[in-house]
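Here's a quick briefing to keep open next to the viewer. It starts with burial and then moves through the rest topic by topic.

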Amino acid sequence: MTRAILENDYVLAALRVGLGAMFILAAWDKVLDPAAFSIAVDNYHMVPRVFLHFFALALPMTELAVGLMLIAGVWTRAAALISAVLMVMFVIGLAQALLRGLDIACGCFTQDTGQESKISPLLLVRDTALIFGSLWVALFDRGRWSVLNLLGRSGTVEAPNT
Amino acid sequence: MIERKIWVQSLMIVIGSTLLALLFNAVRAEGIPLIAPDRSVSAETGDEDVALGNVDLAGAKALFDAGAIFIDARSTAEYERGHIAGAVHLYYADFDVKAAEVVGSMPLDKTVVSYCSGEDCNSSDIVARHLIDYGFEKVRIFFAGWPAWEAAGYPKEGSGEAAPLYGDMGVK
């Protein structure tokens with residue numbers, strides 16, 4: 001019964017497309033404005049300065065690629081795996097910012113309450129759910145309803161774990 | 001559970017995306033340098049005429065003596081506890097709402113210096129970029145900020161109250 005749910009093609013397709021759309025939306029502004037994004041990354045005080053710009057350039061483009069591939073159903077499981085890894089990274093980043101009392105909009109450790117924008121635990125919950133959603137696709141996706149299949153080029157459905 | 005082929009594909013996606021990102025960055029106007037510019041307290045923009053640049057403590061003091069406008073990008077409470085003498089308050093998150101009121105009457109060719117609570121804080125950078133977009137022609141970011149200014153004993157104003165020892169954990 002559980003296996004049937006885990007391998008349900010409808011659920012997998014929905015997860016796949018949902019995750020893909022989310023990544024494309026998230027990546028769009030970041031790809032267009034790397035300077036602003038590198039400030040945003042710097043505000044978490046996790047990436048050493050020397051790697052900051054490299055990271056700020058590589059991450060959004062990776063998110064964009066993952067988003068497009070998930071929607072198209074190309075190398076779906078690999079894209080979902082990257083998605084899971086990214087979400088783990090984001091959760092770690094958010095959690096450490098929360099614990100350190102960091103204002104992620106400016107990178108300051110302000111003691112004052114009320115004016116700053118700090119992290120909502122809801123974000124942590126959401127991102128954790130996305131880790132599980134990504135792992136679900138990474139482990140069980142069988143390539144059904146990928147763009148290639150829909151175009152009729154490949155009629156095969158990949159079995160997972162071969 | 002996830003076979004090798006999938007890991008290899010993942011690696012290829014990441015490497016390919018990274019290369020694409022670097023290529024895209026190299027050819028566009030909004031491209032950024034691969035190594036983030038130095039922001040230590042001694043970083044100084046050499047060129048006098050550049051629109052946006054950094055100043056260190058000595059540079060900030062020189063601009064202060066020459067009558068530049070200082071903008072405090074920190075919270076209201078921090079500003080009230082102590083700020084650079086004559087500095088105006090413009091919280092980085094309120095820029096859109098407050099800018100006209102705070103800097104609207106200032107001539108755009110006057111040198112403006114933004115600062116916040118030190119090297120770890122990016123509010124000064126954020127406010128500086130907004131100021132450039134707003135139309136100011138010469139904006140400087142004093143990254144060492146309030147802690148350095150206060151430690152040097154330079155002119156300041158404010159209640160002088162101590163900052164609270166512990167903030168909340170940040171849970172809104």
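A residue is called buried here when its relative accessible area is under 20%, and exposed when that area is over 50%, with partly exposed in between. By that yardstick, B:Cys116 and B:Cys121 are both buried. Bear in mind that this is a predicted model.

**Confidence in chain A**
- Chain A comes out with an average pLDDT of 87, and 88% of its residues score at least 70.
- Within chain A, the high end is helix H4 (residues 49-72), where confidence is highest at a mean of 96.
- The low end is helix H7 (residues 147-150) of chain A, with a mean of 81.
- As a rule of thumb, predicted coordinates shouldn't be read in detail where pLDDT is low.

**The disulfide**
- How many disulfides turn up over all chains? Searching the whole structure gives 1.
- That link joins B:Cys116 to B:Cys121, with the sulfurs 2.5 Å apart.
- The angle about the S-S bond is -135°, and the link of B:Cys116 and B:Cys121 is left-handed.

**Chain B at a glance**
- Chain B carries 6 helices and 7 strands.
- Going along the sequence, chain B reads α-β-α-β-α-β-β-α-β-α-β-α-β.
- Chain B has 172 residues, and 44% of them count as buried.
- Take the contacts in chain B between residues at least 6 apart in sequence: 67% of these join residues at least 24 apart.

**Where a helix of A meets a helix of B**
- Two packed helices are described by the angle between their axes and the distance between the axes.
- For H4(A) and helix H1 (residues 4-27) of chain B, the axes come within 8 Å and cross at roughly 120°.
- Angles from 65 to 115 degrees would count as roughly perpendicular and those over 145 as roughly antiparallel, so H4(A) and H1(B) are oblique to each other.
- The crossing of H4(A) past H1(B) is right-handed.
- On the chain A side, the residues in this contact include A:Phe54, A:Leu57, A:Met61, A:Val66 and A:Met69 of H4(A).
- Their partners in H1(B) include B:Ile13, B:Val14, B:Leu20, B:Leu22 and B:Phe24.
- Some polar side chains take part too, among them A:Thr62 from H4(A), and B:Ser17, B:Thr18 and B:Asn25 from H1(B).

**A helix pair inside chain A**
- Helix H2 (residues 9-32) and helix H6 (residues 121-140) of chain A have axes that come within 10 Å and cross at roughly 125°.
- That angle makes H2(A) oblique to H6(A).
- H2(A) passes H6(A) in a left-handed crossing.
- H2(A) brings A:Val11, A:Leu12, A:Leu15, A:Arg16, A:Leu19 and A:Met22 to the contact, while H6(A) supplies A:Leu130, A:Gly133, A:Ser134, A:Trp136, A:Val137 and A:Phe140.

**Positive phi in chain A**
- Which loop holds A:His45? A:His45 lies between helix H3 (34-42) and H4 of chain A.
- A:His45 has a phi near 50°, a positive value in a residue other than glycine.
- With a relative accessible area of 21%, A:His45 is partly exposed.
- A:Trp145 also has a positive phi, near 60°, and isn't a glycine either.
- A:Trp145 is located in the loop between H6 and H7 of chain A.
- Relative accessibility for A:Trp145 is 28%, so A:Trp145 counts as partly exposed.

How values were computed
Residues numbered from 1 in each chain as written. Chains lettered and ligands numbered in written order. Predicted model: local features only at pLDDT ≥ 70, side-chain atom pairs only at ≥ 80, totals over all residues. Heavy atoms only, no water. pLDDT = per-residue confidence, 0-100. Helix = DSSP H or I, 4+ residues; strand = E, 2+ residues; numbered from the N terminus. Disulfide = S-S within 2.5 Å. Buried < 20%, exposed > 50% of the residue type's maximum accessible area, 1.4 Å probe, protein only. Axes fitted to C-alpha atoms, helices over the stretch in contact; angles between N-to-C directions. Parallel < 35°, antiparallel > 145°, perpendicular 65-115°, else oblique. Left-handed = near helix turned anticlockwise from the far one by under 90°. Contact = heavy atoms within 4.5 Å.
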